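Colleague: Could you walk me through this structure, one feature at a time? I'd like to start with the cysteines.

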Amino acid sequence: MISREKNSVMERAEEIQAYLGNKFPTCVKSMLPSHVSGGFWLGLPRKCCHLHLPNHDAIIILVDETEKEYQVVYIAERTGLSGGWRGFSIEHRLLEQDALVFQLIEPDKLKVYIVRANRLSETDGALGLMHLSHAKRTDFGQNVPEAFSDGSSPID
């Protein structure tokens with residue numbers, strides 16, 4: 001049953017990713033226990049990080065569906081988020097099996113779309129879709145490399 005729910009969540013996340021188009025790089029990440037409790041470490045897909053994020057430690061801004069911004073520490077060598085991730089995770093009540101769609105909207109800014117597992121009545125994903133017009137209007141960045149436009153999942 002869990003795998004069916006996870007697939008449904010990932011399918012919904014991939015639908016959002018497809019809706020976003022390929023003007024800006026995107027990646028999808030399914031939440032594991034270590035991402036949402038305990039260590040609060042979020043490893044991001046290596047391919048996405050190496051192609052689009054700084055090759056040094058940096059402060060990255062996460063932007064949620066309400067346009068609220070959160071500063072997090074990006075650790076380049078480990079291709080993940082550390083300091084500040086815990087606060088984002090707790091404030092957004094992320095749980096294991098939720099999925100996040102990250103969209104690079106500026107060199108140091110990621111828009112985050114949350115797809116909830118087991119909570120279909122919550123509107124995070126739908127609310128995020130209402131804000132997609134921002135992504136369609138912004139003229140930042142270059143075309144997405146083929147690694148992200150060939151339909152394959154960029155998940156590690």
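Modeller: Happy to. A disulfide is a pair of cysteine sulfur atoms within 2.5 Å, and by this rule the count here comes to 0 disulfides. C27 is in none, and its nearest cysteine sulfur, that of C48, is 3.7 Å away. C49 is in none either, with the sulfur of C48 nearest at 5.7 Å. This is a predicted model, where local features need pLDDT of at least 70 and side-chain atom pairs count only at 80 or more, while totals for chains, interfaces and linings use all residues. Residues are numbered from 1 along each chain as its sequence is written, and side-chain values use heavy atoms, leaving out hydrogens and water.

Colleague: Is C27 buried or exposed?

Modeller: Buried means under 20% relative accessible area, exposed over 50%, and partly exposed in between (1.4 Å probe, protein chains only). C27 has 3%, so it is buried. C49 is buried because its value is 2%.

Colleague: How do I read the sheet, and which strands are at its edges?

Modeller: Strands of a sheet pair through backbone hydrogen bonds, either parallel or antiparallel. Strands are DSSP runs (E, at least two residues), numbered from the N terminus, and two of them pair if DSSP finds at least two bridges between them. Here 7 strands form an open sheet with mixed pairing, in the order β1-β6-β7-β3-β4-β5-β2. The edge strands, each paired on one side only, are β1 (26-30) and β2 (42-43). β2 runs antiparallel to β5 (residues 80-81), joined by 2 bridges, and L42 stands opposite L81 in β5.

Notes:
Helix = DSSP H or I, 4+ residues; strand = E, 2+ residues; numbered from the N terminus.
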